[in-house]
Structures are given as structure tokens and as C-alpha cells.
Amino acid sequence: MSETMTDISAIKLSNAQIAWRAAQDIEDGAYVNLGIGFPEMVAKFQPEGKQAIFHTENGVLDFGEAPKPGEEDWDCINAGKKAITIKPGTAFFHHADSFAMVRGGHLDVAILGAYEVAQTGDLANWSTGKGGVPAVGGAMDLVQSAKRVAVLTDHVTKKGEPKLVASCSLPLTGVGCVTRIYTSLAVVDVVGGKFVLREKIPAISFDELQALTGAPLHVEGEVADLICPEL
Amino acid sequence: MDKTIASVREAVSVIPDGATVMIGGFGGSGAPIELIHALIDHGAKDLTVVNNNAGNGHVGLAALIEQKRVKKLICSFPRSADPRVFTEAYLAGEIELELVPQGTLAERIRAGGAGIPAFYTATSYGTELAEGKPTEEFEGKHYVRERWLKADYALIKAELADPHGNLTYRMAARNFNPVMAMAATYTIVQASKVVELGGIDPEHVITPGIFVGSVVEVAKPAQEEELNRAEAVYP
């Protein structure tokens, strides 16, 4: 990165802020699956008056918060194998039913992490392609069949390389599946095989953002300021 | 009819070398630890195992792999908090891995139990996990053909069982257990409690006894997570 560029580490959104922004778009009553790790934070930031129902693919709908340490019941876990709790409204079901909910298009939103997202909506998030032990879990099922697939990610890799790219270089999780990307700098939609910039943090210019993006950013109408609370 | 058996040792003694064995559970939740440990004691080897994961620590499925009884694993996510046993065996070329997306794995097993040889799913279309598989377009969307998955035996963890093999499960420990019970030629169940006929409300039966071969009571079954926190090693 050239010295004239803004130091993005000082201005970018935190993971919690990215999750907060994604949470604002979830409709009341939506059935939502959150990927393991940082996407799980979305559940904490549901806006007042909007209640989503969360699905975890090992077989629970509408679960409660994590129990206190020492109070875990290891029969009651989420897809990340972390202990959860039940609450009024919780439902248990077996794995084939769980993925019937996914594959049958009953899930409104799936929110996942990404290694790369292409301007075509292709997603790579399961394999770095470097050997070792491959593991896929439910990601390929979720991205092909949820009604809306959104990605939460840093805008660039730790080395500063774009994660929003013209075409993915890593093994694909799904083809043409992502419709919205919440990054540490912007909100970008995938429309007709191109990236459309919807929001960006005020501290970065369009040209700076474009330089950190691996494919053209298009503008259709207004680009809103992406402003999140301190979290 | 009484499908109850006195011990886990006797229950798994029917499993021969080279068998395909489905093992219920998602991580430690719903994993039939006592049946797996009995299978290790029994000694059957060259097994093909179907499970969502590849074991954690040195108990349960990880212990079965560590004892070199598994020649092939069919799973979706061979990682865990402590995946060393599988990872070392895999990188040493000692165990074959068939990686299957989680929902496809569940549906292949369900299809096996339901007598459906193949089905189409959008899952994995356009990815390397679909390579070599037939595809077809339905209503403008691309789908991959996947085959059923069946087993010689299934090892299942249930909460309640009756002598006919009617089963209930506990919380998220249900996971793969009901579909695996359907997909095996012979299903062996460990239940936390065996009740008399009529002891399970018919409205509450999750797995009807027609899918079950034998039932053994294991009161207060071990939890993989707790064994691993205690750094347990089996045997």
C-alpha cells in the first residue's frame, strides 16, 4: 500500500460493528442461520422490535444464549459445538429435517464468512487449497439454498490483498450465491455479475476503496455513509 | 418380542471386520461413546465409518481411529477442538477420507434408509466436491446427483427405548441418530433408560422400533466433552 493511502487499520469497522450492520437488515420473523465464529455475533445486535429466529444446522431452531460456565448441557450445542440453552419456542429436529429446512428454501437468510467473494457472487470459504485436512460442514448447503446469502468479512486479507475479487482463486463453496457483502469498509451488493457499492465508511474515498477491491465497484444512485455505533 | 441385550460388549459382538458402520452424533452430542468403546474392545478392524466428524481427543471415534480400526471415514467436517488423531492418520495416508457436504451426508443417509438410490441437490454444484457427478437442470437451477448411503450397522445413542426399539432422543443429541437408524441393515442402540412397553407415549416416539435391531441400557452415558476436559484416553 502506498504511503499516501489512508491507513485502513485505524478507520475500519470492528468485527462487532460489521455484525451490527448486518443485523440491521434482518427482517422481523426471519429464519436465519449464522456461520460459526464471527457471524454468530449478529444475533447480539438485533434491532428493537425485530425478532429473528435462529437456526443451527445440527438441529435446533430458536435457541437461547450460552449458559454460564459450569452449567453446560453437552446434549444442547450449536453447529460450532458450543453450549446453548433452550427457551420458550425452541424446537429440536434431526439432521435430514434440518437440511430440508436449508435445501427446501425455508431459510430466509444465511450469513457466512469468506476467504474470497467474486463479482459474480461466487463464494470461497471452505478450503485454502493448500492441502492439510479438508472440511466443509454445511456451508455448501446453506449458500445454494437460503433465500438470501450474505457475507461478513474484512475488506482485505491480513496481507492487504482484496477479498472482493473478479473471480475466486480458491476452491468454491458455491456459484453465484452471494447477494450482499458487509465488509470492514463498505456494504457491497452483487447485481448482475458486478459489485454495486451501497455504503462506505466516510473516512475512505471511493478511489481508495476501489484500490482495495479486486474488481470494479459500480455506483447506482446514492452511496450512503456506513456509520456504526462504537461496540 | 424383546430387543434388549444385557451388555454393550454383547451388542457390538456381531460386527465383523470390514463392516460399514454409521455412528450417530454431531461432535460429542449424541455420540454413543460406550458402544464405540465396546467396539474397540471387540476388535473389529478395516471398518468404513460414517459420522459427521472425525473424533475429538482420544476417546470415542478418535480412539477407534487411534487404534487403527478405521480404513475409511465418510464425513463432512473432520476437525474438532483436538483433531490430532485423525489429522495424523490422514496425513500419514493411513485412512481414506470421503468428504461430503453436511446436508448431502444427512440426505444420502436418509435416502439409504428410505430406499431411494439417488437424488438431486443444488449443494456443491460448480465446486470440486461435485466433480465427476452427473448434473441436471430443473426449473432453471443446476443440481448434482448424489447417491444413497447405507451401512451394515449403525451405533445409535437414544434417551428412552422400549423392548420393541421405539426411541426418543435428548435435545440436540438427536442429530444424525434417527436417519442412521433407518439406513443400516442392523441398528444397535444404547439408551439412557429402557422402559417397559407403553412407557413411551406413542406421540413421542421419534424412531419407531422397525428400524432397530438391538437395545442396550447405558445409564448415565459419558459425554465426549467431559471426557476430553478430564483428558481421558481410551482404552
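**Entry 1: the interface**

I began with the two chains together: chain A and chain B bury about 3,500 Å² between them, and 63% of that is on carbon and sulfur atoms. I noted which residues supply a good share on the chain A side: A:Trp74, A:Asp75 and A:Val133 give 21% of the area that chain A buries against chain B, more than any other three residues. I should jot down that this is a predicted model.

Next I looked up who takes part in the contact. Chain A brings 37 residues and chain B brings 47 residues.

How many salt bridges run between chain A and chain B? I found three salt bridges there. One I checked by eye pairs the side chains of A:Asp73 and B:Arg170, with N to O at 2.3 Å. A reminder to myself: side chains of opposite charge can pair when their charged atoms come close.

I also looked up polar contacts, and the interface of chain A and chain B has 19 residue pairs of that kind, both residues at pLDDT 80 or more. On the side of chain A that touches chain B, the elements giving two or more residues are helix H3 (95-103) and helix H4 (139-145) of chain A. Sorted by class, that side of chain A has 19 nonpolar, 11 polar and seven charged residues.

**Entry 2: a sheet in chain B**

I moved on to chain B and traced an open sheet of three strands in the order E6-E8-E7, with antiparallel pairing. Why do strand E6 (118-121) and strand E7 (135-138) of chain B each have one side without a neighbour in the sheet? They stand at the edges with a single partner strand each, so one side of each stays free of a neighbour. From one strand to the next, the twist averages 40 degrees.

I then followed one pairing in detail. E6(B) and strand E8 (residues 141-147) of chain B pair in the antiparallel sense over four bridges. I picked out B:Tyr120, which stands opposite B:Arg145 in E8(B). Helix H5 (residues 102-114) of chain B packs on this sheet and touches E6 and E8 of chain B. The direction of H5 makes about 155 degrees with that of E6(B).

**Entry 3: a sheet in chain A**

Chain A has an open sheet of three strands too, in the order E7-E6-E9, but here I wrote down mixed pairing. Its edge strands are strand E7 (123-124) and strand E9 (164-165) of chain A, each pairing on one side only.

Parallel or antiparallel for strand E6 (residues 116-118) of chain A and E9(A)? I found them parallel, over two bridges. The bridge partner of A:Val117 in E9(A) is A:Leu164.

**Entry 4: odds and ends**

I searched the whole structure for salt bridges and got 22 over all chains. One of them joins the side chains of A:Asp62 and A:Lys87, at 3.3 Å from N to O. Both residues lie in the loop between strand E3 (60-61) and strand E4 (91-92) of chain A, so the pair ties together parts that are 25 residues apart in sequence.

In that loop between E3 and E4 of chain A I also found A:Lys81. Phi of A:Lys81 is near 65 degrees, a positive value in a residue other than glycine.

Last, I looked up a cis peptide bond: it joins B:Tyr234 and B:Pro235, with omega about -5 degrees. B:Pro235 sits in the segment after helix H7 (224-229) of chain B.

Technical notes
Residues are numbered from 1 along each chain as its sequence is written. Chains are lettered from A and ligands numbered from 1 in the order in which they are written. This is a predicted model: local features need pLDDT of at least 70, side-chain atom pairs count only at pLDDT 80 or more; totals for chains, interfaces and linings use all residues. Side-chain values use heavy atoms; hydrogens and water are left out. Contact means heavy atoms within 4.5 Å. Buried area is the accessible area (1.4 Å probe) that two parts lose on being put together, summed over both. A salt bridge is a side-chain nitrogen of Lys or Arg within 4 Å of a carboxyl oxygen of Asp or Glu. A polar contact is a pair of N or O atoms within 3.5 Å; within protein, one must be able to donate a hydrogen and the other to accept it, and residues adjacent in sequence count only if both atoms are side-chain atoms. Ala, Val, Leu, Ile, Met, Phe, Trp, Tyr, Cys and Pro count as nonpolar, Asp, Glu, Lys and Arg as charged, and the others, Gly among them, as polar. Two strands pair if DSSP finds at least two bridges between them. Axes are lines fitted to C-alpha atoms, for helices over the stretch in contact, and angles run from 0 to 180 degrees between N-to-C directions.
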